[in-house]
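Trainee: I am new to this structure and would like a close look at a single part of it. Could you take me through the cysteines with care, and then place a few other residues around that picture?

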Amino acid sequence: MKTIEHWINGAATPANSTRTAPVYDPATGARQADVLLAEAADVDSAVAAASKAFVAWSDSSLSQRVKVMFAFRELLVKHEDELARIISSEHGKVIDDARGEIVRGREIVEYACGIADALKGDFSDQVSRGVDVHNFRQPLGVCAGITPFNFPIMVPLWMHPIAIATGNTFVLKPSERDPSASAFVAELYAEAGLPDGVFNVVNGDKVAVDAILDHPDIEAVSFVGSTPIAKYVHERATASGKRVQALGGAKNHAVVLPDADLEYAANHLTAAAFGSAGQRCMAVSVGVAVGPAGDALVEVLARKAREVKVGPGSDVSNDMGPLVTDAARQRVVDAVATGAEQGATVVVDGRDLTVAGHEDGFFAGPSLLDHVTTDMKAYTEEIFGPVLSIVRADTLDEAIEIINDNPYGNGTALFTSSGEAARRFQRQVRVGMIGVNVPIPVPMSYYSFGGWKDSLIGDSPIHGAEGVRFYTRPKVVTTRWPETDGHTAAFNFPTSN
Ligand code: NAD
């Protein structure tokens with residue numbers, strides 16, 4: 001059985017402990033590898049390597065950092081096929097979907113290639129006679145990232161390219177369910193010329209996470225995952241004096257107005273609800289059908305949900321792969337059962353799906369629940385699987401109220417042909433990322449990603465300008481070069497003249 005090791009100081013590194021976790025092939029249900037689970041001592045080793053590397057890396061020129069980022073970007077392009085296969089084999093998503101996350105992650109590297117521009121400071125000439133002021137930003141030190149299973153390459157790429165390009169060093173703790181993509185990225189960084197110790201990977205579970213959160217030599221923690229863990233990470237890491245960005249779970253609503261093109265809306269809702277087996281933080285899990293849109297929409301959605309082709313992610317003709325683990329599959333089965341018990345109409349039932357030749361895979365087909373109400377578990381819980389719940393509303397205002405009452409506020413979408421409705425929606429809805437006739441409005445790399453309410457704990461979204469701000473701190477310098485001797489220093493507080 002293959003063992004997936006840590007990557008510390010430029011090399012694959014065995015652990016201090018012998019604890020491991022199984023890594024499955026979700027399409028077959030077979031255990032395909034074991035991943036080492038770090039002890040605090042492994043985190044210490046990675047942080048020590050990163051602290052040592054910080055001295056030279058933070059002093060490296062912008063051109064050197066940018067050169068590494070360009071080389072890293074080229075390697076991500078060159079190895080896209082291999083990387084997509086690695087992701088698909090541990091996560092289960094269809095290879096083309098894995099390619100999609102590589103491309104969206106690579107866009108952050110492209111943003112980091114332009115870091116010199118993002119780091120430019122301001123200069124004010126002659127703020128007082130003979131006095132100038134300028135500012136600039138400096139890296140923090142060792143930064144850490146803790147990431148979820150559902151985007152094993154894209155979510156870490158939201159973090160480390162910006163942290164590294166701004167002069168920090170990095171320790172990544174990826175999900176223990178699909179860790180191989182991070183090991184591969186470490187090798188690509190080394191090939192791109194990144195000095196040893198600048199990027200490190202520590203595999204593990206809560207033990208490793210806690211060691212990161214408490215570590216006195218880690219300056220900042222970036223977390224993406226479920227809301228309870230985001231809250232925990234935020235509280236514990238801020239208590240130990242760190243900067244924290246903590247992105248949590250979601251329940252994303254797509255509102256369909258009667259004036260929308262229903263075929264278009266249903267097509268996009270189907271892909272957004274069932275793509276990646278619903279395991280996306282921006283997946284649409286609730287459709288809010290307004291007024292007379294309801295019955296017609298459900299009819300089209302049911303047809304499209306039944307047409308979704310489910311099978312192993314290695315076959316690109318499939319639309320949707322398995323769930324990541326058997327426990328995740330069981331959660332989906334239970335959610336549909338509870339929905340039915342609580343009075344939802346099960347229009348399409350994906351619970352009993354089996355895929356020929358992959359009977360032990362963690363598959364569940366698309367499920368469509370209609371007449372879901374906001375007190376049902378299918379609505380209140382993040383199922384994180386291929387289940388689309390339809391809630392009925394009479395008006396757009398009622399739909400907005402439903403969304404605003406939901407504790408999550410990651411993404412939302414409106415399908416309409418009315419500009420007035422779209423404008424009202426985007427201004428009134430309490431959600432961080434909004435799509436108008438766009439079901440999964442993931443911002444481009446040069447904007448920042450982040451939800452509201454329980455989808456983002458604290459106040460720091462991720463990547464783009466917010467990423468640069470998060471991974472650096474400012475200095476403001478006031479300068480005078482006296483032309484002649486003999487100036488006297490004033491004892492009153494300095495003012496300009
Ligand atoms: P998770 O919260 O279980 O795990 C995330 C990370 O936290 C992993 O690295 C894991 O090892 C660690 N972890 C898990 N339990 C822990 C504990 N008790 N103490 C300390 N660390 C712990 O999330 P997941 O199941 O891997 O991913 C799915 C979740 O992530 C969903 O809720 C999804 O909405 C969310 N997510 C959010 C975004 C976003 O941008 N807001 C993006 C992707 C995923």
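Mentor: A residue is called buried under 20% relative accessible area, exposed over 50%, and partly exposed in between. With that scale in hand, and keeping in mind that this is a predicted model, we can begin with Glu398, which has a relative accessible area of 30% and is therefore partly exposed. Glu398 belongs to helix α14, which covers residues 396-405, and it gathers with Asp394, Glu401 and Asp405 in a patch of negative charge on the surface.

Turning to the cysteines, the structure holds zero disulfides, a disulfide being a pair of cysteine sulfur atoms within 2.5 Å. The closest cysteine sulfur to that of Cys113 is in Cys143, and because these sulfurs are 19 Å apart, they are too far from each other for a bond. Seen from the other side, Cys143 is likewise in no disulfide, its nearest cysteine sulfur being that of Cys113 at 19 Å. As for their surroundings, Cys113 has 11% relative accessibility and so counts as buried, while Cys143, at 0% relative accessibility, counts as buried too.

A last residue to place is Val346, which lies in strand β15, made up of residues 345-348. Its relative accessibility is 25%, so Val346 counts as partly exposed. Along the chain, Val346 and Val233 are 113 residues apart, and in space their C-alpha atoms are separated by 37 Å.

Notes:
Residues numbered from 1 in each chain as written. Predicted model: local features only at pLDDT ≥ 70, side-chain atom pairs only at ≥ 80, totals over all residues. Heavy atoms only, no water. Patch = residues over 30% accessible without salt bridge, like charges linked within 9 Å, V, L, I, M, F, W, Y side chains within 5 Å. Areas by Shrake-Rupley, 256 points an atom, 1.4 Å probe, with all protein chains shown as cover. Salt bridge = Lys/Arg side-chain N within 4 Å of Asp/Glu carboxyl O. Lys, Arg positive; Asp, Glu negative; His and termini not counted. Charge placed at Lys NZ, Arg CZ, Asp CG, Glu CD. Helix = DSSP H or I, 4+ residues; strand = E, 2+ residues; numbered from the N terminus. Buried < 20%, exposed > 50% of the residue type's maximum accessible area, 1.4 Å probe, protein only.
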